[in-house]
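Welcome, and please open the model in your viewer. We will go from stop to stop, and at each one you will hear what to select and what is there.

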Amino acid sequence: LVSRKKHPENTIVEVKGERIGDGNQYFVMGPCAVESYEQVAAVAEAVKKQGIKLLRGGAYKPRTSPYDFQGLGVEGLKILKRIADEFDLAVISEIVTPADIEIALDYIDVIQIGARNMQNFELLKAAGQVNKPILLKRGLAATIEEFINAAEYIMSQGNGQIILCERGIRTYERATRNTLDISAVPILKKETHLPVFVDVTHSTGRRDLLIPCAKAALAIGADGVMAEVHPDPAVALSDSAQQMDIAQFNEFMEEVRAFQRQF
Ligand code: PEP
Ligand code: MN
């Protein structure tokens with residue numbers, strides 16, 4: 001169902017008036033994790049000022065260590081809902097269990113399925129049974145074919161509103177947190193009719209690589225770029241090394257938009 005051969009036209013995923021996949025390039029910015037209302041509001045204000053509609057923030061954080069911050073759970077989703085209403089933004093947040101998919105419908109505009117859950121088939125099926133856009137991330141060590149099949153799981157249950165997100169894969173290279181597979185973008189666009197985003201934060205794990213990788217993503221034809229922004233990354237409860245602060249975010253947008261105007 002996700003194959004371009006069966007469905008040649010691009011799928012457009014509508015999120016609060018934004019038409020993702022329509023040829024424009026979108027930005028999804030926001031903190032790694034929802035930590036407090038004030039923290040998300042500070043980012044929301046900056047995002048709004050930049051004319052960006054999509055705000056991200058994790059309420060359920062699938063962390064490598066069980067002793068790390070696990071997220072605020074449903075309290076985090078409630079904060080996102082309040083922010084979405086107050087700032088007129090669309091919010092995107094990761095859901096990690098099938099039972100929480102239904103709950104999330106009341107609070108968020110896009111359900112994210114994270115890299116670690118790309119082959120959680122029960123979660124994929126549950127996401128396929130709701131009428132809500134899904135942002136599906138590529139698994140840590142998933143081939144493109146496995147990634148496409150994960151999207152197929154969602155669509156086979158009836159939900160075709162899917163955005164694919166390349167977020168780097170694990171390789172032997174340690175200079176970056178993951179290896180951004182930039183060629184996955186045109187391959188996914190060729191093989192499927194779904195919009196494709198690139199997450200420059202989790203793929204690189206390096207703040208100094210966010211701008212060049214965002215430029216590469218936009219130049220190669222990504223439908224959107226995701227990156228993390230925190231009012232004070234030094235005290236962030238997760239991904240403190242790679243989130244941008246508000247000033248860095250404004251610089252990022254300025255430089256990336258200047259680049260976009262060149263083509
Ligand atoms: C995230 O976007 O918050 C996240 C945890 O990313 P990933 O699933 O790609 O690691
Ligand atoms: Mn993160």
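Select Leu210, Ile211, Ala214, Lys215 and Leu218 in H8, then add Phe252, Glu255, Val256, Phe259 and Gln260 in H9: these two groups meet. Meeting, or touching, here is contact, where the C-beta atoms of two residues, placed from the backbone, lie within 7 Å. By class, this contact has seven nonpolar, one polar and two charged residues. Ala, Val, Leu, Ile, Met, Phe, Trp, Tyr, Cys and Pro count as nonpolar, Asp, Glu, Lys and Arg as charged, and the others, Gly among them, as polar.

Before you go further, note that this is a predicted model, in which local features need pLDDT of at least 70 and side-chain atom pairs count only at pLDDT 80 or more, while totals for chains, interfaces and linings use all residues. Residues are numbered from 1 along each chain as its sequence is written, and chains are lettered from A and ligands numbered from 1 in the order in which they are written.

Now show all of helix H8 (residues 210-219) and helix H9 (residues 246-261): their axes come within 10 Å and cross at roughly 30 degrees. Helices (H or I, at least four residues) and strands (E, at least two) are DSSP runs, numbered from the N terminus. Axes are lines fitted to C-alpha atoms, for helices over the stretch in contact, and angles run from 0 to 180 degrees between N-to-C directions. H8 and H9 are therefore roughly parallel to each other; angles under 35 degrees count as roughly parallel, over 145 as roughly antiparallel, 65 to 115 as roughly perpendicular and the rest as oblique.

Next, step to Leu209, in the loop between helix H7 (200-204) and H8. Is Leu209 exposed, partly exposed or buried? With 19 C-beta neighbours inside 10 Å, Leu209 counts as partly exposed. The rule is that a residue with 20 or more other C-beta atoms within 10 Å of its own is buried, one with 12 or fewer is exposed, and one in between is partly exposed, with C-beta atoms placed from the backbone. Leaving out residues up to four places away in sequence, Leu209 touches Thr176 and Thr204.

For a second helix pair, select helix H4 (residues 121-128) and helix H5 (residues 144-156), whose axes come within 6 Å and cross at roughly 45 degrees. H4 and H5 are therefore oblique to each other. Residues of this contact divide into seven nonpolar, two polar and one charged. Among them are Phe121 and Leu124 in H4, and Tyr153 and Ile154 in H5.

Stay in H5 for a look at the core. The largest nonpolar core has 85 residues, and Ala151 is one of those that touch the most other members, as are Leu80 and Ala214. Such a core is a set of buried Ala, Val, Leu, Ile, Met, Phe, Trp, Tyr and Cys residues joined through C-beta atoms within 7 Å. Beyond four places in sequence, Ala151 touches Val2, Leu136, Ile162, Leu164, Thr192 and Leu194.

Leu80 leads to Tyr107, which touches Leu77, Lys78, Leu80 and Lys81, not counting residues up to four places away in sequence. You will find Tyr107 in the loop between helix H3 (98-104) and strand E6 (110-113).

Last, pick Asp88, in the loop between helix H2 (74-87) and strand E5 (90-94). Its phi is near 50 degrees, a positive value in a residue other than glycine. Asp88 counts as exposed, with 12 C-beta neighbours inside 10 Å.
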